[in-house]
Amino acid sequence: MPDRRPLIAGNWKMNGLRADGTALARDLAGRLAAAGSAGFDLLVCPPATLLHAVGEALAGSGIALGGQDCHAAEKGAHTGDVSAWMLADIGCSHVIVGHSERRHDHGEDDAAVRAKAAAAHKAGLTAIICVGETEAERDAGEAEAVVARQLEGSIPQGADAVDTVIAYEPVWAIGTGRTPTVADIAAMHGMIRRRLHGLVASPDSVRILYGGSMKPGNAAEIMAVADVDGGLVGGASLKADDFWQIALSVR
Ligand SMILES: O=C(CO)COP(=O)(O)O
């Protein structure tokens, strides 16, 4: 059985000014230091404007820093965008790509997500590649087919268990307080694991995160599901108490 150390990642989305972000980062760093050792990896993904300040607040803490998106190019005439190399330069080790909010708000398709993940890999970052069906797709019985298609289209050539994490985030569970049943999560994560064979090197070592309305009250149950190797937490990652409680829920 491959050792997949759980990863608890906070996606702060478009939230936080410098004072909030650094206070939250310091709070988490203090909790991890007080805990001594933890059986999980912690990652926070603040908005781009906070990467520098949060990176400083986390220095030496063992908590990793990640971006929420990157452009596929290294540099150039792309007003408003941030490259994977820029994220690496400011201290990031990870970047989220293909979040459903990017897919929806910015029209990113699988090919765009794959190009971003490839750029992340070239820049030395671990790409957290997000997949997930809409409610209409689930109701139509297409959830697994949609997610399988997203995986095949979004994972770049040469991906492996070190540089790639998958996050399964059903769109209808994000920010809604609704979650799939543990049976549905188990079925989807099992399907993702099977599909990773042939798409990545060392598929059994790739971490597959669940995301969507994860809270202290449901985290232990979700994290106990086979092939759930951690969480990608949105709203609850903005509160140190909640995020820490979720982290402590890992098996
Ligand atoms: O989109 C998410 C994480 O990327 C999940 O968001 P919520 O935890 O707020 O539902």
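In this predicted model, buried residues account for 47% of the 251 residues in the chain. The secondary structure amounts to 10 helices and eight strands. The chain has a radius of gyration of 17 Å, close to the 18 Å that the globule rule gives for 251 residues, so it is as compact as a globular protein of that length. Taken along the principal axes, the box filled by the C-alpha atoms is roughly 45 × 45 × 35 Å. Contacts that reach far along the sequence are well represented: of those between residues at least 6 apart, 72% join residues at least 24 apart.

With the overall fold described, attention can turn to the annotated positions. The UniProt record, an unreviewed entry, places the feature "active site" at H99 and E169. These two positions span 71 residues in sequence, yet no two of their C-alpha atoms are more than 8.3 Å apart, so they gather at one spot. Both belong to loops: H99 sits in the loop between β4 (94-97) and α4 (100-105), while E169 sits in the loop between β6 (164-168) and α8 (182-196). H99 has 27 other C-beta atoms within 10 Å, and because 20 or more are enough for a residue to count as buried, H99 is buried. E169 is likewise buried, with 25 other C-beta atoms within 10 Å. Once neighbours within four places in sequence are left aside, the contacts of E169 are S100, C130, G132, I174, G211, G212 and L232.

The ligand offers a second view of this part of the chain. It is surrounded by 14 residues, of which N11, I174, G211, G234 and G235 are the closest. Sorted by class, the shell holds five nonpolar, eight polar and one charged residues. Two of the closest residues, I174 and G211, also appear among the contacts of E169.

The same unreviewed UniProt entry gives the feature "binding site" at N11, W12, K13, G175, S213, G234 and G235. Although these positions span 225 residues in sequence, no two of their C-alpha atoms are more than 13.9 Å apart, so they gather at one spot. N11, G234 and G235 are thus named in this annotation and are also among the residues closest to the ligand. N11 belongs to strand β1 and counts as buried, with 27 C-beta neighbours inside 10 Å. Leaving aside neighbours within four places in sequence, N11 is in contact with C45, Q68, I96, L232, V233, G234 and S237. L232 is therefore a contact shared by N11 and E169. G235, for its part, is found in the loop between β8 and α10 and is partly exposed, with 18 other C-beta atoms within 10 Å.

K13, another position in the "binding site" annotation, stands out for its backbone. Most residues other than glycine have a negative phi, whereas K13, which is not a glycine, has a positive phi of about 55 degrees. K13 lies in the loop between β1 and α1, and its 19 C-beta neighbours inside 10 Å make it partly exposed. S202 provides a further example, with a positive phi near 50 degrees in a residue other than glycine. S202 is placed in the loop between α8 and β7 (207-211), where it has 13 other C-beta atoms within 10 Å and is partly exposed.

Further along the chain, helix α10 (residues 240-248) includes the buried residues F243, I246 and A247. Around the axis they cover an arc of only 100 degrees, which puts them on the same side of α10. The buried residues of α10 pack against two helices and three strands, namely α1 (18-35) and α9 (216-223) together with β1 (7-11), β2 (41-45) and β8 (230-233). Strand β1, one of these packing partners, is also the strand that carries N11.

H78 gives a contrasting picture of a loop residue. H78 is located between β3 (64-67) and α3 (84-89) and counts as exposed, with 11 C-beta neighbours inside 10 Å. Leaving aside neighbours within four places in sequence, H78 is in contact with H71 and A73. H99, by comparison, is a loop residue that is buried.

Key. Residues are numbered from 1 along each chain as its sequence is written. This is a predicted model: local features need pLDDT of at least 70, side-chain atom pairs count only at pLDDT 80 or more; totals for chains, interfaces and linings use all residues. A residue is near a molecule or strand if its C-beta atom, placed from the backbone, lies within 6 Å of it. Ala, Val, Leu, Ile, Met, Phe, Trp, Tyr, Cys and Pro count as nonpolar, Asp, Glu, Lys and Arg as charged, and the others, Gly among them, as polar. A residue is buried if 20 or more other C-beta atoms lie within 10 Å of its own, exposed if 12 or fewer, and partly exposed in between; C-beta atoms are placed from the backbone. Helices (H or I, at least four residues) and strands (E, at least two) are DSSP runs, numbered from the N terminus. The arc is that of the directions from the helix axis to the C-beta atoms. Two residues are in contact if their C-beta atoms, placed from the backbone, lie within 7 Å. UniProt positions are given in the numbering used here, feature names are shortened, and annotations may be inferred rather than shown by experiment. The radius of gyration is taken over C-alpha atoms; the globule rule is 2.2 Å times the number of residues to the power 0.38.
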